[in-house]
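Work through the exercises below with the sequence and the model at hand. Each task is followed by a solution in steps.

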Amino acid sequence: MENGGPVTRIGAVVGIRPESIETYRSLHANPWPEVLAANKLAGRSNYSIFLLPQRNLLFSYYEYRGHDRAADAARTASDPVVQEWLAACRPCQVPLVEGLGDRRWADMEPVFYQE
């Protein structure tokens, strides 16, 4: 679902516990349809997650179309099924940046884009 508004490209990073890599892969090999639908409703599309196992890092990329990313993210995070999904994923993750509160993923600064 498109929320209208400009497209913002979002890159984010988080650590992953080495012993949780296979669990994380398995979860994302079969993502829950309700979580995918919640992402679309929140204006997220072209969502990808990449793994760099040599450094225990996950990188995500998605495009956000909307007017209030924080409000859309908060609405998504309040969904009971999304909360259950996050409860399965979060123990696998290691925050790399302090001061993000409940967030694990740290947004990255864009430095280059070629269309």
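The exercises cover helix packing, aromatic pairs, charges over rings, a buried residue, backbone phi and pairs of distant residues.

The model is predicted, so local features need pLDDT of at least 70 and side-chain atom pairs count only at pLDDT 80 or more, while totals for chains, interfaces and linings use all residues. Residues are numbered from 1 along each chain as its sequence is written, and side-chain values use heavy atoms, with hydrogens and water left out.

**Exercise 1. Helix packing**

Task: describe how α1 and α4 pack, and state which residues make the contact.

Solution. Step 1: locate the elements. Helix α1 covers residues 21-29 and helix α4 covers residues 80-89. Helices (H or I, at least four residues) and strands (E, at least two) are DSSP runs, numbered from the N terminus.

Step 2: take the geometry. Two packed helices are described by the angle between their axes and the distance between the axes. For α1 and α4 the angle is about 155° and the axes are 10 Å apart. The axes are lines fitted to C-alpha atoms, for helices over the stretch in contact, and angles run from 0 to 180 degrees between N-to-C directions.

Step 3: classify. Angles under 35 degrees count as roughly parallel, over 145 as roughly antiparallel, 65 to 115 as roughly perpendicular and the rest as oblique. Helices α1 and α4 are therefore roughly antiparallel to each other.

Step 4: list the contact (heavy atoms within 4.5 Å). Helix α1 contributes Y24, L27 and H28, and α4 contributes W85, A88 and C89. By class, the contact of α1 with α4 has 5 nonpolar, 1 polar and no charged residues. Here Ala, Val, Leu, Ile, Met, Phe, Trp, Tyr, Cys and Pro count as nonpolar, Asp, Glu, Lys and Arg as charged, and the others, Gly among them, as polar.

**Exercise 2. An aromatic pair**

Task: classify the ring pair of W32 and W85, and give the exposure of W32 and of W85.

Solution. Step 1: apply the rule. Rings of Phe, Tyr and Trp (its six-membered ring) pair if their centres lie within 6.5 Å; planes under 30 degrees apart count as stacked, over 60 as edge-to-face and the rest as tilted. The count by this rule is 3 aromatic pairs.

Step 2: insert the values. The ring centres of W32 and W85 are 5.1 Å apart and the planes stand at 70°, so the pair is edge-to-face.

Step 3: place the pair. W32 is in the loop between α1 and α2 (33-41) and W85 is in helix α4, so the pair ties together parts that are 53 residues apart in sequence.

Step 4: assign exposure. Buried means under 20% relative accessible area, exposed over 50%, and partly exposed in between (1.4 Å probe, protein chains only). W32 counts as partly exposed at 25% relative accessibility, whereas W85 counts as buried at 7%.

**Exercise 3. Charges over rings**

Task: which rings have the charged end of R9 or the residue R44 over them?

Solution. Step 1: state the criterion. A charge sits over a ring if NZ of Lys or CZ of Arg is within 6 Å of the ring centre and within 35 degrees of the ring normal.

Step 2: name the rings. The charged end of R9 sits over the ring of Y113, 3.3 Å from its centre. R44 lies over the face of Y62, at 5.5 Å from the ring centre.

**Exercise 4. A residue in a strand**

Task: is S60 buried or exposed, and which residues does S60 touch?

Solution. Step 1: S60 belongs to strand β3 (residues 57-65). Step 2: its relative accessible area is 2%, so S60 is buried. Step 3: leaving out residues up to four places away in sequence, S60 touches I10, G11, A12, Y47, S48, I49 and W105.

**Exercise 5. Positive phi**

Task: where do N46 and N56 lie?

Solution. Step 1: recall the background. Most residues other than glycine have a negative phi.

Step 2: N46 is not a glycine, yet has a positive phi of about 50°. N46 is placed in strand β2 (residues 44-52).

Step 3: N56 has a positive phi near 55° and is found in the loop between β2 and β3. At 26% relative accessibility, N56 counts as partly exposed.

**Exercise 6. Distance in sequence and in space**

Task: how far apart in space are the C-alpha atoms of Q83 and V35, and those of N30 and L96?

Solution. Step 1: Q83, in helix α4, and V35 are 48 residues apart in sequence and 9.4 Å apart in space. Step 2: N30, in the loop between α1 and α2, and L96 are 66 residues apart in sequence and 26 Å apart in space.
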